[in-house]
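Please work through the exercises below with the structure in view, trying each task yourself before you read its solution.

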Amino acid sequence: MIKNVCKEQVFNGIFKSVSKDLHDFLYYKYGHENNPQDIVQSAFEKLWKNCKDVIPAKAKSYLFTVANNEMLNIISRKKTSLNYKLHSYKNYTTETPEFVLEEKEYHERLKKALEELTEDQRVTFMLNRVEGKKHKEIAEMLGISRKAVEKRIYTALKILRQKVELENFS
Amino acid sequence: MTHEELIQKWLSGELSEQERKDFESSEEFAKIEKLLNAAKAFKAPVYDVNKEYNRLSNNLSTRKSVSLFQRFNPIMRVAAVLIPILFLATLIYYFIGTSTEQNNWIADQDQIFLPDSSYVRLNKDSKIRYANTNWRNERSVELIGEAFFSVEKGSQFNVATTEGVVAVLGTEFNVKNRDGFYEVVCYSGSVKVTTDYTSVVLESSKGFRVIDGKEENFNISDRLEPDWLNGESSFNSVPLRVVIEELERQYGVSVVTNNIDLNQLYTGGFDHNDLNVALESIAIPLKLDYKINGNEIILTFEGK
């Protein structure tokens, strides 16, 4: 029976299974300006320091709590901004200029709308729809119920659609 | 079912097969699908778990030594005290007993002349060291990384790496020892390579390498020296991983890969002067896409 996470293999195993999720969580919630990679590092440093007091089953929630607190401590409360990835356009080269422009504006609206979601809505929506995480996994990460996860995703989608889909009145 | 319920149930995968099919052919769904696809453009940047773990281990290793001691059992504690003392005693004995002086590592130097005017050229991120005093009787060099040796005739000359030892009398050869990769190529004369598992003699234009424990002999076409001496890295059926690591060293960048089989074999080379040209020589034959982001390069396999 493994009592704590002081063994290097145990610690390494936890890092391999949790670090990416933790990073993505911080990125979607607080954006890249707040260095999610560094927060992940310091959360694991803290876990190592307190390894005697943490049992493996609790390590994941420990890490999420520590990282979230740390983020709140240092956060400059800048508006979260997500990296805008241009590579999504390259398929449109054969389309008409009007179409390209329309698509571009659509993406701009979506970017803005994503930034305007609440942190909780955005992180839940992106983990589910972009990272493909299951509702149950997200519920565990955020420490909320599955129902709450479903509700957040639906609300986020509704808000995004309102802001992104312009009705054509002409 | 209301409109709202339909979307909610679709999101949580609770619709029956028929309901789902009907919904997914609706005009409403096309809009939702468009939005969900567009959202993928805002995916989080690639997170390299292994790299981040190494960074963490480096940060922790300094602190670890303190707390490790407290977790030792009593026998280990005695050992922890005794071993350094024994080690120190051995070291003192060694220095008094022999007057051999081990020099410091030499790195970041293009060309090094050894005491007998044999010379060494070091590739990027490589270093050697050797004992100065006893040079006439024992010509011995320790190498980390990759170097080309041109050795004057004389007593036996050894190049030691973690993977094996190359012994020669007088000749020209290249030794490359990187993570899981050991390669010796002989350009003139002959050399003897000894690893933990095997020993081979290489005549000129022959090479020997060990990749992840797998040994292989090969020929090189009549070349007089390795390509890297002329500002180019070349590879023949080498795992892509090794090629990418070399690119990182030559340009001082870090490469993140996406959906790429790092064990696929690559034959070709890249130039050391222009990063874009170098990346294209790797990306085009393997049908990869690359993106330069400051010091970080993202390589992606796009399929088809």
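The exercises that follow concern a predicted model, and each task is answered in steps.

**Exercise 1. The interface of chain B and chain A**

Task: Describe the contact between chain B and chain A, starting from how many residues each chain gives and how much area is buried.

Solution: Begin with the residues, of which 49 come from chain A and 37 from chain B. Next take the area, which is about 4,200 Å² buried between chain B and chain A, with carbon and sulfur atoms giving 60% of that value. Then look at which residues of chain B stand out: Phe42(B), Tyr47(B) and Tyr53(B) supply 20% of the area that chain B buries against chain A, and no other three residues supply more.

**Exercise 2. Charged and polar pairs, and the elements of chain B**

Task: Find how many salt bridges the rule gives across the interface of chain B and chain A, and then name the elements of chain B that each supply at least two residues to the side touching chain A.

Solution: The rule finds four salt bridges across this interface. One of them can be checked by hand: a salt bridge needs its nitrogen and oxygen within 4 Å, and the closest N and O atoms of Glu28(B) and Arg161(A) are 2.6 Å apart, so this pair qualifies. Polar contacts, counted where both residues have pLDDT 80 or more, come to eight residue pairs between the two chains. Turning to the elements, α1 (3-11), α3 (27-39), α4 (49-71) and β17 (288-293) of chain B each supply at least two residues of the side that touches chain A, and α4(B) gives the most, with 11 residues. Sorted by class, this side of chain B has 18 nonpolar, 15 charged and four polar residues.

**Exercise 3. Two helix pairs**

Task: Decide how α5(A) is oriented relative to α3(B), and how α6(A) is oriented relative to α7(A).

Solution: For the pair that spans the two chains, α5 (residues 119-129) of chain A packs against α3(B) at an angle of about 95°, with the axes 10 Å apart. Angles of 65 to 115 degrees count as roughly perpendicular, and therefore α5(A) and α3(B) are roughly perpendicular to each other. Phe125(A), Met126(A) and Arg129(A) of α5(A) make the contact with Leu35(B), Leu36(B) and Ala39(B) of α3(B), and these residues divide into five nonpolar, no polar and one charged.

For the pair within chain A, the axes of α6 (residues 135-142) and α7 (residues 146-164) come within 8 Å and cross at roughly 105°, which makes α6(A) roughly perpendicular to α7(A). The residues of this contact divide into five nonpolar, one polar and four charged.

Methods
Residues are numbered from 1 along each chain as its sequence is written. Chains are lettered from A and ligands numbered from 1 in the order in which they are written. This is a predicted model: local features need pLDDT of at least 70, side-chain atom pairs count only at pLDDT 80 or more; totals for chains, interfaces and linings use all residues. Side-chain values use heavy atoms; hydrogens and water are left out. Contact means heavy atoms within 4.5 Å. Buried area is the accessible area (1.4 Å probe) that two parts lose on being put together, summed over both. A salt bridge is a side-chain nitrogen of Lys or Arg within 4 Å of a carboxyl oxygen of Asp or Glu. A polar contact is a pair of N or O atoms within 3.5 Å; within protein, one must be able to donate a hydrogen and the other to accept it, and residues adjacent in sequence count only if both atoms are side-chain atoms. Helices (H or I, at least four residues) and strands (E, at least two) are DSSP runs, numbered from the N terminus. Ala, Val, Leu, Ile, Met, Phe, Trp, Tyr, Cys and Pro count as nonpolar, Asp, Glu, Lys and Arg as charged, and the others, Gly among them, as polar. Axes are lines fitted to C-alpha atoms, for helices over the stretch in contact, and angles run from 0 to 180 degrees between N-to-C directions. Angles under 35 degrees count as roughly parallel, over 145 as roughly antiparallel, 65 to 115 as roughly perpendicular and the rest as oblique.
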